[in-house]
Amino acid sequence: MLAQQRRHDAVTHNIANLNTPGYKAMAPVNRAFPEMLLAAMGGPNPPRQPIGPINTGVLAEENLTLFTQGMLQETYRPLDLAIVSDIEVPGAVFDASGKYVAPDGTVIVQPQVYFTVRTPQGERYTRDGSFRQEPDGTLVTFDGMPVLGVDGEPIVVEESWENVRVLPDGRLVLALTGEPLPGNPQLLLTRVENPMLLVREGDGRYRHDGPEDNLAPLQPGDRAEVRQGYLERSNVDPAQSAVDLMAALRAYEANQKVIQSYDRSLEKAVNEIGRV
Amino acid sequence: MNHSMIAASVSMAALQRKLDLIADNVANVNTVGYKSKSGVFEEILSGIQPQEPDFAREGRRTPFGFPMGGGARMVGIRLDLTPGTPQQTGLPTDLMLEGNGLFELRTAEGGRVFTRHGAFQWQIDDAGNRWLVTSSGYRVVNDDDEPIVVPAGYEWHVAGDGTMTAVSPAGDDVLELGILKVVQPVRADLLRAVGDNLLAVADGVDPDEAVVPLDELPAGAAGVTVRQGYLEASNVDLIAEMTELTNALRAYQLSARALASGEQMLQMAANLRG
């Protein structure tokens, strides 16, 4: 029942974030508890070998994030940025959920690209591009975290952002002339090789919990780009979520019935058979 | 209350605020100079349930810990400063700014506020002179930060670049009244709607950071024209608002469904034993 409760909670969270830009759906994964071996005991002619394994239930093991690309929504605001990424890995053809299973069984997850922001706790990564500009010109997320450039420092633009154009590789230029802004600012787009090692932190941001070489700045030639004036919608499928809610509820109910029938047989054993 | 119910109810509260913003926009679809508002949403993480290192099983892909979601919340409200379409009224006191600019007003205490709402009026003083004011009595100022005063009977003209003149009834006396003060918002994020269709900066922010008079800009007054006899319609896009409304309603409905479903689970747990 607990596993189904976790699944229900995750689907509820997905539904709540149906319209949150840059949101990636949660997908809890169940795992079976270790199996136990059944053996016959007592009786006139006990068999020599055990009967077989019995499963002892499931637990919610991990809450995966589904890293599929969300649809782009045009907002016409120059401060709204969206990342479109479809990174290629030689030899791998990724399925709809962003995974590739090689013939020898290894699983490769498609690398993903993120904006890099600085929080008081360190560097974080996000796909939510609804940015704004502070009075001193710093580019920040809507709740105030500075967005970093390739030099590792926050991006500061003195101009009004109406005059700034963001090129697909993250460089900032003047909209009218195409000249780079003073200081050649360029957004730091981080490519994460194995996005499964990203830990969700809330507010659309992820923390990286893995080896250093899992992260790299985006290289020219990688299939990912920034689009100005667009926001990436959440990748939650509302119809599938509604079905998952019902499935979790009914599985919960079924497990409840199992517990109740165990309870009744125990009651019989305690109160009727074993009556003292 | 179990976790699903808390997350669903939090999200419904946030969606309610979004619906309130949409209702505000739709109610002001005909308000002169109104700028539409939209909300910015983020997900809430209620916590990461810790897992022991011996939880590791073969095939596990993510780091330890089970993240638990808590729904979504509204982080802030965004003001959309795109211009609305011009409507011709023919009234000499109706002004419209074509291009990115704001009129500057003075409150009774001398504070600086700004607006796109150019439906001004005359306030007549004891001497019969007419002062240009808004419907709430705030004075419109010119480039020298002086209020605009026109003697009785004189006709008031505003040219496209803001130059104001007053012509006597006989046509022989022409008064130069300076140039209408128009500022351009260079940091639109610093401006907030303060009611009565006015925009002001937050406390502690210097208005000179948010707006710059046109003549101090590198391009000068280029791109901004004053039109006398016109009003700017609100910039609310009704179709976009209706679409957002439908999205918000459906999301609300789904969240309510999740809340009901979570409540049923709670009921099942409560009825586990009889």
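Which residues does A:Asp9 touch, not counting residues up to four places away in sequence? The points below take up that question and then move outward to other parts of this predicted model.

1. A:Asp9, which belongs to helix H1 of chain A, touches B:His3 and B:Ser4 once residues up to four places away in sequence are left out of the count. Its relative accessibility is 5%, and because buried means under 20% relative accessible area, A:Asp9 counts as buried. From C-alpha to C-alpha, A:Asp9 and A:Tyr252 are 12 Å apart in space, although 243 residues separate A:Asp9 from A:Tyr252 in sequence.

2. A:Gln5 is placed in helix H1 of chain A, which covers residues 2-16, and with a relative accessibility of 9% A:Gln5 also counts as buried. Leaving out residues up to four places away in sequence, A:Gln5 touches A:Tyr252 in its own chain, together with B:Asn2, B:Ser4 and B:Met265 from chain B. B:Ser4 is thus a residue touched by A:Gln5 and also by A:Asp9.

3. A pair of helices from the two chains deserves a careful look, and two packed helices are described by the angle between their axes and the distance between the axes. Helix H2 of chain A (residues 238-273) and helix H3 of chain B (residues 238-270) have axes that come within 10 Å and cross at roughly 5°. That angle makes H2(A) roughly parallel to H3(B), because angles under 35 degrees count as roughly parallel.

4. Where the two helices meet, the residues from H2(A) include A:Pro238, A:Leu245, A:Met246, A:Leu249, A:Arg250, A:Tyr252 and A:Gln256. Among those from H3(B) are B:Leu254, B:Arg257, B:Ser261, B:Gln264, B:Met265 and B:Met268. Two of these names recur from an earlier point, since A:Tyr252 and B:Met265 are both touched by A:Gln5.

5. Over all chains the structure holds 31 salt bridges, and one of them joins A:Glu232 to A:Arg127, with the closest N and O atoms 3.0 Å apart. A:Glu232 sits in strand S20 (residues 230-232) of chain A, while A:Arg127 sits in the loop between strand S10 (122-126) and strand S11 (131-133) of chain A, so the pair ties together parts that are 105 residues apart in sequence. Both partners are buried, A:Glu232 with a relative accessible area of 2% and A:Arg127 with a relative accessible area of 1%.

6. In two further salt bridges, a buried arginine is paired with a glutamate that is partly exposed. A:Arg132 and A:Glu134 form one of these, the closest N and O atoms being 3.0 Å apart; A:Arg132 counts as buried at 18% relative accessibility, whereas A:Glu134 is partly exposed, with a relative accessible area of 25%. The side chains of A:Arg191 and A:Glu193 meet in the other, at 2.6 Å from N to O, and here A:Arg191 is buried at 14% relative accessible area, while A:Glu193 is partly exposed at 33%. In chain B, salt bridges that share partners join B:Glu104, B:Arg106, B:Arg112, B:Asp145 and B:Lys181 into one network.

7. The last point concerns the surface, where A:Met36, A:Leu38, A:Ile51 and A:Ile54 make a nonpolar patch of about 380 Å². A:Ile54 lies in strand S3 of chain A, which covers residues 52-54, and A:Ile54 is partly exposed, with a relative accessible area of 36%.

Notes: Residues numbered from 1 in each chain as written. Chains lettered and ligands numbered in written order. Predicted model: local features only at pLDDT ≥ 70, side-chain atom pairs only at ≥ 80, totals over all residues. Heavy atoms only, no water. Patch = residues over 30% accessible without salt bridge, like charges linked within 9 Å, V, L, I, M, F, W, Y side chains within 5 Å. Areas by Shrake-Rupley, 256 points an atom, 1.4 Å probe, with all protein chains shown as cover. Salt bridge = Lys/Arg side-chain N within 4 Å of Asp/Glu carboxyl O. Helix = DSSP H or I, 4+ residues; strand = E, 2+ residues; numbered from the N terminus. Buried < 20%, exposed > 50% of the residue type's maximum accessible area, 1.4 Å probe, protein only. Axes fitted to C-alpha atoms, helices over the stretch in contact; angles between N-to-C directions. Parallel < 35°, antiparallel > 145°, perpendicular 65-115°, else oblique. Contact = heavy atoms within 4.5 Å.
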